[in-house]
Amino acid sequence: MDISAGVMIFAETAEGKLSSITKELMGLGTRLAGKLEKGLSAVLLGAGTEPLATELVNLGADAVYLADDAFLENYNPEQYASVIEHVIQTAKPAILLMGQTSRGADMAPRLAFKFRGALAMDCVELDADSETGLLTHTRPVYGGIAMARARSRAASLQVVTVRAKSQDPAEPADDREGEIIAVGERARGEYAGGMKFLRPVAVEADEVNLEEANIIVAGGRGVGSTENFKRFIEGFARILGGVPGASRGALDSDFAPANLQIGLTGKIVSPQLYVAIGISGMVQHMTGCSSSKTIVGINTDPDASIFKYAHFGIVGDFEQVVPALMQKCEELLKN
Ligand SMILES: Cc1cc2nc3c(=O)[nH]c(=O)nc-3n(C[C@H](O)[C@H](O)[C@H](O)COP(=O)(O)OP(=O)(O)OC[C@H]3O[C@@H](n4cnc5c(N)ncnc54)[C@H](O)[C@@H]3O)c2cc1C
């Protein structure tokens, strides 16, 4: 399969494995490449990443550009971008898909600018015109209360970052064939940037990984106390096999720690199920969770904004509603 003018994805790793966004990008890349009748390639950077190249082939890559080198062990945006630039010049993809992650958001604008390409960030839907190859991208705006749809104009390279959990991941198959192309050494010679990695600084790891969670039970100011937050929000999350989250209202009232905040100035999440309890649904909160697959709102106020977003709404006092839900869910999940 000719991969020039095709689709390329930037593969990210976490703890020695392909990260979940990479599998989603492979799923999306496969669909777009199929529609355009072009090849799909991946660019994989890091140290000790070679075994993951085969995994990318199994996920559907016709070619994997592998830069497996000790000098790529630690992320340096200039260095990484320089290697990817080299790969783009060689492979000549028409579309580059990256995750809306700290690395993707860091490099996508650099690469789009470098190649005078088109750039769309934080997309949740993508489609390609099979005649022109131009992308139509959809992304949430105004805190997720509206979707903006735009089309790329003719560009040599269309760079897109994609929000996590917005795409179906690719399914692996062992019998796929693809080429693994080593690019490390040449790319290394071409790096002449001024940024140098000094040392890693450990930050306290979050016990709760909200961004990766499939089920989130979030509490707001309406839960009334730290004890209620623990009992009803954390307790309900545990029963459902999910994790707790919080609004800024809950944080400001000291009901929940800062690492649980969801929203404009907190974390952006896209779980399968988001249960918002005692949360009014202000736009700054909904920015962080409106792309959840199913939203359930529980609030005493029938006019609360949360009900504009919720797929299911319960008007009532959480102290009555949540224990009943906890009991029922526990029963159902036991069987
Ligand atoms: C620049 C900026 C950035 C911000 N960033 C964020 C952000 O990242 N995340 C965020 O969450 N907010 C953020 N905010 C704040 C945001 O505007 C809201 O103030 C906040 O989300 C409100 O939190 P809340 O819904 O918990 O509280 P409230 O708005 O006070 O709502 C509490 C809700 O609980 C309901 N309630 C009360 N008692 C009960 C009961 N017994 N049972 C059921 N329901 C009950 C009430 O009806 C009410 O709807 C930001 C604001 C600004 C200006």
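Lysine 165 sits in the loop that runs between strand S11 (158-162) and S12. This is a good place to start looking around, bearing in mind that the whole model is predicted. The backbone at lysine 165 takes a positive phi of about 70°, even though the residue is not a glycine. Is lysine 165 buried or exposed? It is buried, because 22 other C-beta atoms lie within 10 Å and 20 or more are enough to count as buried.

A second residue with a positive phi makes a handy companion. Aspartate 254, also not a glycine, has a phi near 65°. Its place is in the loop between helix H7 (248-252) and S15. Aspartate 254 counts as exposed, because it has 10 C-beta neighbours inside 10 Å and the limit for exposed is 12 or fewer.

**The chain as a whole**

Now zoom out. The chain contains 10 helices and 17 strands. Along its principal axes, the C-alpha trace spans about 65 × 45 × 40 Å. For 335 residues, a compact globule would have a radius of gyration near 20 Å, and the chain's 22 Å agrees with that. Buried residues account for 47% of the 335. As for contacts between residues at least 6 apart in sequence, 67% of them join residues at least 24 apart.

The chain is split into domain 1 (7-190) and domain 2 (210-334). How far apart are the centres of domain 1 and domain 2? Taken over C-alpha atoms, 33 Å separate them. Where the domains touch, 10 residues come from domain 1 and 10 residues from domain 2. The domain 1 side of that contact is a mixed bag by class: 4 nonpolar, 4 polar and 2 charged residues.

**The parallel sheet with seven strands**

Back to the strands on either side of lysine 165's loop, S11 and S12. Both belong to an open sheet of 7 strands with parallel pairing, in the order S7-S11-S6-S1-S4-S5-S12. Its edges are strand S7 (118-123) and strand S12 (179-182), each of which pairs on one side only. From one strand to the next, the twist averages 20°.

Within this sheet, strand S4 (residues 40-46) and strand S5 (residues 63-68) run parallel and are joined by 6 bridges. If you want a spot to click on, leucine 44 stands opposite leucine 66 in S5.

Helices lie against these strands too. Helix H3 (residues 77-91) packs on the sheet and touches S1, S4, S5 and strand S6 (95-99), with its direction making about 155° with that of S4. Helix H2 (residues 50-58) lies across strand S1 (7-11), S4, S5 and S12, and runs at about 165° to S5.

**The antiparallel sheet with three strands**

There is also an open sheet of 3 strands, ordered S8-S9-S10, and here the pairing is antiparallel. Strand S8 (125-128) and strand S10 (146-151) are the edges, each pairing on one side only. The twist averages 20° from one strand to the next. Strand S9 (residues 135-141) pairs with S10 over 6 bridges, and proline 140 has methionine 147 in S10 as its bridge partner.

In general, strands of a sheet pair through backbone hydrogen bonds, either parallel or antiparallel.

**Strand S13 and its partners**

How many of the 5 residues of strand S13 (residues 215-219) are buried? The count is 4, so S13 is largely enclosed by the rest of the structure. S13 runs parallel to strand S15 (residues 273-277), with 5 bridges joining the two. S13 also runs parallel to strand S14 (residues 243-246), through 4 bridges. On the S15 side, isoleucine 215 stands opposite leucine 273. On the S14 side, isoleucine 216 stands opposite valine 243.

Here are the strand pairs from the tour, side by side:

| Strand pair | Sense | Bridges | Facing residues |
|---|---|---|---|
| S4 and S5 | parallel | 6 bridges | leucine 44 and leucine 66 |
| S9 and S10 | antiparallel | 6 bridges | proline 140 and methionine 147 |
| S13 and S15 | parallel | 5 bridges | isoleucine 215 and leucine 273 |
| S13 and S14 | parallel | 4 bridges | isoleucine 216 and valine 243 |

Definitions and conventions: Residues numbered from 1 in each chain as written. Predicted model: local features only at pLDDT ≥ 70, side-chain atom pairs only at ≥ 80, totals over all residues. Rg over C-alpha atoms; globule rule 2.2 N^0.38 Å. Contact = placed C-beta atoms within 7 Å. Pairing = 2+ DSSP bridges. Axes fitted to C-alpha atoms, helices over the stretch in contact; angles between N-to-C directions. Domains from an automatic or database assignment. Nonpolar A, V, L, I, M, F, W, Y, C, P; charged D, E, K, R; others polar.
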